[in-house]
Amino acid sequence: MGATTAGALPAPPAAVPRAQMLGFLAMVFGMFMAILDIQIVASSIAEIQAGLSAAPEEASWVQTSYLVAEIVMIPLSGFLSRLWSTRVLFVASCLGFTAFSLACALATSLPEMIVFRALQGFLGGAMIPTVFATSYLLFQGAQRVRMSLLIGLTATLAPTIGPTLGGWITETFSWHWLFLVNVPIGLAVAGAVWRLLDIDRGDRRLLARFDWWGLLSMAGFLGCLEYVLEEGPRSDWLEDGTIAAVAAICAASGVLFLWRAFAAAEPVVRLRAFRDRNFALGCGFSLLMGMGLYGAVYLVPLFLARVRGYDALQIGEVMAVTGLFMLLGAPYAGLAARLLDLRAVLALGLAMFGVSIRMTAGLTAESGFWDLALPLGLRGFAMMFVMLPINQITLGTLPAAEVKNASGLYNLMRNLGGAVGLAAINTLATERGFLYRQQMAGQVTWDRPGATAYLDTLTNALALRMDLAEAERAALEIVRQVVGREATVLAYNDILLALGGLFILAVPLVLLLRPVKADGFGGGH
């Protein structure tokens with residue numbers, strides 16, 4: 001397909017040439033790298049912290065800085081794609097991501113790492129929505145269904161395997177290779193896309209009307225919101241002066257951003273796509289999916305590490321079940337999308353996802369691979385039944401000219417859902433864990449025969465290896481640890497029950513959607 005005139009969007013051809021197909025697959029691989037890098041450092045924070053001589057609470061910014069910057073770029077990508085063209089934006093994004101991946105590997109201090117990670121996330125963030133938009137501009141019919149499956153699989157598999165892959169790379173080589181591995185791949189992806197894929201032309205005239213106040217207010221709003229959601233659970237939310245100040249900046253920036261979005265001649269982000277009912281509801285489902293995807297990927301490994309004491313590779317063996325069943329579920333989701341109403345497929349996926357998370361809520365201090373295999377497998381299978389119809393329903397009824405901008409908003413909602421979900425999980429884990437520890441501590445007292453008998457048994461066993469006074473202290477410490485462990489498990493189960501309930505409660509909302517054909521092209525209405 002040849003390039004079009006400035007600002008024009010072509011209707012997708014019946015068959016995509018081989019070269020453009022290869023270029024699009026390279027784009028998908030670039031998107032995989034960008035999403036993977038959100039979570040790839042999660043299991044290696046301790047090693048990075050040690051390598052940069054940073055404090056534990058400071059090292060978390062290695063992950064947070066990437067998220068904050070990426071979440072600003074995602075909605076901006078729609079404007080930049082119209083300004084420069086899809087090919088130029090993607091290649092520039094990929095090369096920037098690659099350059100700052102190398103910079104991260106060479107960082108010698110935490111401030112350097114935070115700056116480089118922020119630039120890596122900001123520049124690489126445009127790859128994600130660009131791929132979603134390109135799939136709608138390039139494909140139609142059964143090809144679009146297959147490409148939507150591929151994108152959905154990539155977007156959900158990357159954060160699922162990120163911590164496992166990162167742990168393996170760090171243990172086998174060093175944490176530097178978490179970033180160095182991106183360099184040859186990023187160069188190859190950028191070269192392939194530049195050579196093989198050219199589907200539109202940019203309109204440089206848009207730059208003269210660029211809304212700089214809109215950009216600054218959007219960056220302030222989204223960046224401060226991400227900061228508050230990340231740091232709030234650790235800092236007692238608005239009780240902390242810094243969090244309160246950043247929240248105030250967030251609110252003021254949000255008001256200014258909304259005003260500029262409607263008042264500016266050429267706003268940074270066009271919010272008019274939300275007038276489309278399917279797009280608005282689809283963004284809501286994407287927000288929910290982000291909560292479930294990132295929340296579940298975060299919480300189950302956290303349980304395995306803190307309660308069961310698993311290392312990164314052992315956690316990977318358990319979590320691999322989800323990835324395997326995602327691959328198994330993809331063809332069935334594609335078949336269902338062709339044979340059934342997409343709304344029915346989405347309802348089925350939401351229900352299965354909710355049930356799978358609630359099944360996971362039966363955790364005990366002894367839960368292992370075989371206890372988690374079924375719910376994790378069902379969750380992986382359900383993901384494809386959610387992602388495929390959400391992609392089609394959200395973008396499938398929009399005019400082609402709005403797809404680029406809408407794709408950025410749609411992907412933003414998924415990342416915001418992840419941020420909201422993780423903040424809620426950390427807050428609930430702290431509050432519910434404290435509540436359960438208080439309740440259980442009231443049951444482990446000297447006037448409880450069962451508690452004193454258990455303590456005596458522990459003391460007698462330990463007294464075989466140490467003197468009696470040390471054995472008594474050690475026995476009390478073990479009881480304290482057991483109480484803390486059981487309180488943590490109960491808190492995690494509460495969170496999983498609530499998260500699963502959200503998905504089940506969302507099922508009736510599917511009835512509000514308009515029907516969309518799986519092989520249709522957004523044409524407006």
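Buried means under 20% relative accessible area, exposed means over 50%, and partly exposed sits in between. Keep that cut-off handy for the exercises below, which all use a predicted model.

**Exercise 1. Is Asp211 buried or exposed, and which residue does it form a salt bridge with?**

Start with the accessibility. Asp211 comes out at 4%, so it counts as buried. Next, find where it sits: Asp211 is in the loop between helix H10 (182-196) and helix H11 (212-231). Now look for a partner. Asp211 makes a salt bridge with Arg260, and the closest N and O atoms are 3.0 Å apart. Arg260 belongs to helix H12 (residues 241-263), so this pair ties together parts that are 49 residues apart in sequence. Arg260 has 18% relative accessibility, so it counts as buried too. Finally, check who else is around: leaving out residues up to four places away in sequence, Asp211 touches Arg260, Ala264, Glu266, Pro267 and Val268.

**Exercise 2. Which helices hold Asp37 and Arg117, and what is the N to O distance in their salt bridge?**

First the distance: the side chains of Asp37 and Arg117 meet in a salt bridge at 3.7 Å, N to O. Then the addresses: Asp37 is in helix H1 (residues 18-39) and Arg117 is in helix H6 (residues 110-124), so to speak two distant parts of the chain, 80 residues apart. As for burial, Asp37 and Arg117 are both buried.

**Exercise 3. Are Glu486 and Arg485 buried or partly exposed?**

Take the residues one at a time. Glu486 has a relative accessible area of 23%, so it is partly exposed. Arg485 has 32%, which means partly exposed again. Their side chains meet in a salt bridge at 2.9 Å, N to O. While you're on salt bridges, note that some share partners, joining Arg87, Asp198 and Arg201 into one network.

**Exercise 4. Where does Tyr410 lie, and which residues does it touch?**

Place it first: Tyr410 lies in helix H17. With 1% relative accessibility, Tyr410 counts as buried. Now list its contacts, skipping residues up to four places away in sequence: Phe132, Phe279, Gly282, Cys283, Ser286, Ile390, Asn391 and Thr394. For a spot of distance practice, go from Tyr410 to Asp198: they are 212 residues apart along the chain, and their C-alpha atoms are separated by 23 Å.

**Exercise 5. Which residues form the negative surface patch, and where does Asp311 lie?**

The patch is made up of Glu47, Glu171, Asp311 and Glu317. Zoom in on Asp311, which lies in the loop between helix H13 (277-306) and helix H14 (312-339). Its accessibility is 36%, so Asp311 counts as partly exposed. Then turn to Leu313, which is in helix H14. Leu313 joins Leu165, Trp168, Phe173 and Trp177 in a nonpolar surface patch, with about 490 Å² of accessible area together. At 35% relative accessibility, Leu313 counts as partly exposed.

**Exercise 6. What is the phi of Ser85, and where does this residue lie?**

Read the angle: phi of Ser85 is near 105°, a positive value in a residue other than glycine. Then locate it: Ser85 is in the loop between helix H4 (61-84) and helix H5 (86-106). Last step, burial: the relative accessible area is 4%, so Ser85 is buried.

Notes
Residues are numbered from 1 along each chain as its sequence is written. This is a predicted model: local features need pLDDT of at least 70, side-chain atom pairs count only at pLDDT 80 or more; totals for chains, interfaces and linings use all residues. Side-chain values use heavy atoms; hydrogens and water are left out. Patches are made of residues with over 30% relative accessible area and no salt bridge: like charges are joined within 9 Å, nonpolar side chains (Val, Leu, Ile, Met, Phe, Trp, Tyr) within 5 Å. Accessible areas come from the Shrake-Rupley method with a 1.4 Å probe; for residues, only the protein chains shown count as cover. A salt bridge is a side-chain nitrogen of Lys or Arg within 4 Å of a carboxyl oxygen of Asp or Glu. Lys and Arg count as positive and Asp and Glu as negative; His and the chain ends are not counted. The place of a charge is taken as NZ of Lys, CZ of Arg, CG of Asp or CD of Glu. Helices (H or I, at least four residues) and strands (E, at least two) are DSSP runs, numbered from the N terminus. Buried means under 20% relative accessible area, exposed over 50%, partly exposed in between (1.4 Å probe, protein chains only). Contact means heavy atoms within 4.5 Å.
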